[in-house]
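User: I am new to reading protein models and would like to work through one slowly. Could you take my questions in turn?

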Amino acid sequence: MVDEWVSIQHKKKKREGMGWGLKTKREGITAAPPTCPADTGSDCGSDSGEWEGEFFPGIPKIEYEGPSSKNPLSFKWYNAEEEILGEKMKDWMRFSVAFWHTFRGTGADPFGAPTKTWPWEDGTNSLAMAKRRLRANFEFLEKLGVERWCFHDRDIAPEGKTLEETNANLDEVVALAKELQGDKIHLLWGTAQLFLQPRYMHGAATSSELGVYAYAAAQVKKAMEVTHHLGGENYVFWGGREGYQSLLNTDMERELNHMARFMEAAVAYKKKIGFNGTLLIEPKPQEPTKHQYDWDAATSANFLRKYGLIGEFKLNIECNHATLAGHSCHHELETARINGLLGNIDANSGDPQIGWDTDQFLMDVAEATLVMQTVIKNGGLAPGGFNFDAKLRRESTDVEDLFIAHIAGMDTLARGLRNAAKLIEDGSLSDLVRKRYQSFDSELGAAIESGKADFELLEKKALEWGEPKVPSGKQELAEMIFQSAL
């Protein structure tokens, strides 16, 4: 039934254009059909049987045209080679495309069936289809001018009937990925998908079933191996089901201890195989569980400290997860930064009127400016970067929308970088903050900050000085200065 539905939708979208053969033109660019669409009845392959063709023939390589350009298939603010504060834009950003949202996203939601079937899809989850998607991914990266990508293991290769068969499938796809990466494309990070398959309904590292814990360890082991093989710069742990639905049937202390042992084993295996990438934990408060153990940056930092893992992991902060936890993205980034844990950013946003993880592309220039302020204070993100953990809206179904969304997200962050640099060069905002705390730039302030001022000394000063004078915080002035840079 599902295959029949997909086939019907695919034919319908072919008739309607679905992002290629469009009637409209923008700046002389017309999206065209792929040179080898999935339903031609031919494998369009080489002698080896490998599918060959161009996936985005109507899309040129995206170039920087400047803020005055009206061409949607161009950058207005992101100029990769331009230097900002002594670093090239591309080095500040280290942009990455998320394979799962970009090439596995269907537009489905809890209330509706998929709305998207890309022209190269054949409705299967076969190895051949996995390789075709991978080729589409690398063509997309090349045309977008992005040098990094990220994946979940089960997104790039189908699960088999056994763990051995699944690993063999992954090896075959990874071999092609290694070839397609060449010297120009890099893997920002890999991860294991430990939330979709029914075996993980109680969690993976926190499952109440020993067999599931062992299976999850085997899956992470393999995912770390292929990440290392592909030259991955980081490895991410997102525990979507590492939490609980009810404490009535949960031994939370035991589950947290198990999760810590799991992370310890990951650290040990990383060192054993010589993987030098950074291990990252991605906080999220809830969804799909009612409560997730790595709720936010502060909770995750506390977990790492409690179990002696603080020097082994950093955090991958996702903006939409921050808002789900009741924080701003800026707050979570600053919390991670001042704890020495900011390792990577999943660049997206949520809708304040919707209470779930909508994974929208970040389009808010003010928020992007705050994000880039923290990135600059952090000295950049390397070996991390900005991964677009963001998906097209359900109603956006044209192939060119994939490009438009990423271009807009990249431009928004680039504009944020330019604004943050303006604020730094102007100095008014940092001067306002400095003046607010200037009373501590004194002998007694230095003693307090170095831990040498006891209560007896402070009481003596309080009696000597009498009632303190408290100056204005100048919040509105700070907001005025910030807004003037946007």
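The questions below go from the reliability of the model to its strands and a helix beside them.

User: What is the average pLDDT of the protein chain?

Analyst: This is a predicted model, and pLDDT is the predictor's confidence in each residue, from 0 to 100. In the protein chain, 89% of the residues score at least 70, and the average is a pLDDT of 91.

User: Over which residues does pLDDT stay under 50?

Analyst: Where pLDDT is low, the predicted coordinates should not be read in detail. That caution applies to residues 38-42, where pLDDT stays under 50 although the model has eight contacts beyond four places in sequence. The other stretch under 50, with 53 such contacts, is residues 1-30.

User: Which strands form the closed barrel?

Analyst: The secondary structure of the protein chain includes 17 helices and 12 strands. Eight strands, with parallel pairing, make a closed barrel, and the twist from one strand to the next averages 30°. Their order in the barrel is E3-E4-E5-E6-E8-E10-E11-E12.

User: How many bridges join strand E8 to strand E10?

Analyst: Strand E8 covers residues 278-281 and strand E10 covers residues 313-318, and the two run parallel. Leucine 280 stands opposite lysine 314 in E10. The number of bridges joining E8 to E10 is three.

User: What angle does the direction of helix H9 make with that of E10?

Analyst: Helix H9, which spans residues 297-306, packs on the sheet and touches both E8 and E10. Taken between N-to-C directions, on a scale from 0 to 180 degrees, the angle of H9 with E10 is about 165°.

How values were computed: Residues are numbered from 1 along each chain as its sequence is written. This is a predicted model: local features need pLDDT of at least 70, side-chain atom pairs count only at pLDDT 80 or more; totals for chains, interfaces and linings use all residues. Side-chain values use heavy atoms; hydrogens and water are left out. Helices (H or I, at least four residues) and strands (E, at least two) are DSSP runs, numbered from the N terminus. Two strands pair if DSSP finds at least two bridges between them. Contact means heavy atoms within 4.5 Å.
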